[in-house]
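Biologist: Please take a close look at the aromatic ring pairs in this model. What do they join, and are their rings buried or exposed?

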Amino acid sequence: MTKLQEINELSYLKAKELFSICCGSEEWIEKMINSRPFNSKDEALKIAETHWYLLDKVCWLDAFSHHPKIGDINSLGKKYSSSGNLAKSEQSRISGASMKVLENLSRYNEEYERKFGYIFIVCASGKSAEEMLSLIEKRINNTEDSEIKIAMEEQNKITKLRLEKFL
C-alpha cells in the first residue's frame, strides 16, 4: 500500500492528527479530511494549497498559533507536541547560533508579536539563525497588510514541506 493510499484510508481521527501536524488551522484540516481520496501526490499538494488560499485571516492566525517561536528550541517539544519534532528539525540550524544572535532573535520575536499580534512565521528549513534574524529585521518594518500575506505564504511553504513528508 502506498503512503497516499494509507492517507486516503485513515480514520477521521487519524487523518485529523496527520493533517494537524502539517498545518494548525482547524478549517484547513477539516477541508483536507473531506477532500480525500486523493488521486496522486500532486493532487493532494494542489488541493492543500487551494484550501489554504481560500481561508481567511482568522484561519491563518489559527495556523500560526500552532508554531513555536523561531529560535525557541526549548519550547519545541513541550508546547507543540504534535509538530514539535518537525519544527525542531526545521529549526535545526538554530542550535549553532551565537548567544548574541539568539538574544536578538528573541528580542525581535517579542517586538514582532507586539506589532502584528502573532509570532514571526518563516519557513525555517535550511535557514541559519543569522538568516532568520536578517529576515525578521526586514519584515518588522512591513505594514500589517503586507506582513500577513508574507506570513501566510511562509505557512503555505511549511505546510507543503510537512505534507510532502507524509506523501
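Modeller: Buried means under 20% relative accessible area, exposed over 50%, and partly exposed in between (1.4 Å probe, protein chains only). This is a predicted model: local features need pLDDT of at least 70, side-chain atom pairs pLDDT 80 or more, while totals for chains, interfaces and linings use all residues. Numbering starts from 1 along each chain as its sequence is written, and side-chain values use heavy atoms, without hydrogens or water.

Now the pairs. There are eight aromatic pairs in the structure (Phe, Tyr or six-membered Trp rings with centres within 6.5 Å; planes under 30 degrees apart are stacked, over 60 edge-to-face, the rest tilted). Phe19 and Phe38 meet edge-to-face, with 6.5 Å between centres and 90° between planes. This pair links distant parts of the chain, 19 residues apart. Phe19 sits in helix H2 (residues 12–22), and Phe38 in the loop between helix H3 (26–35) and H4 (helices are DSSP runs of H or I, at least four residues, numbered from the N terminus). Phe19 counts as buried because its relative accessibility is 0%. Phe38 is buried too, at 3%.

Trp52 and Trp60 make a tilted pair, 6.3 Å centre to centre, with 40° between the planes. Both of these Trp residues are buried.

Ring pairs also build a cluster. Its members are Phe64, Tyr112, Phe116, Tyr118 and Phe120.

Conventions
Helices (H or I, at least four residues) and strands (E, at least two) are DSSP runs, numbered from the N terminus.
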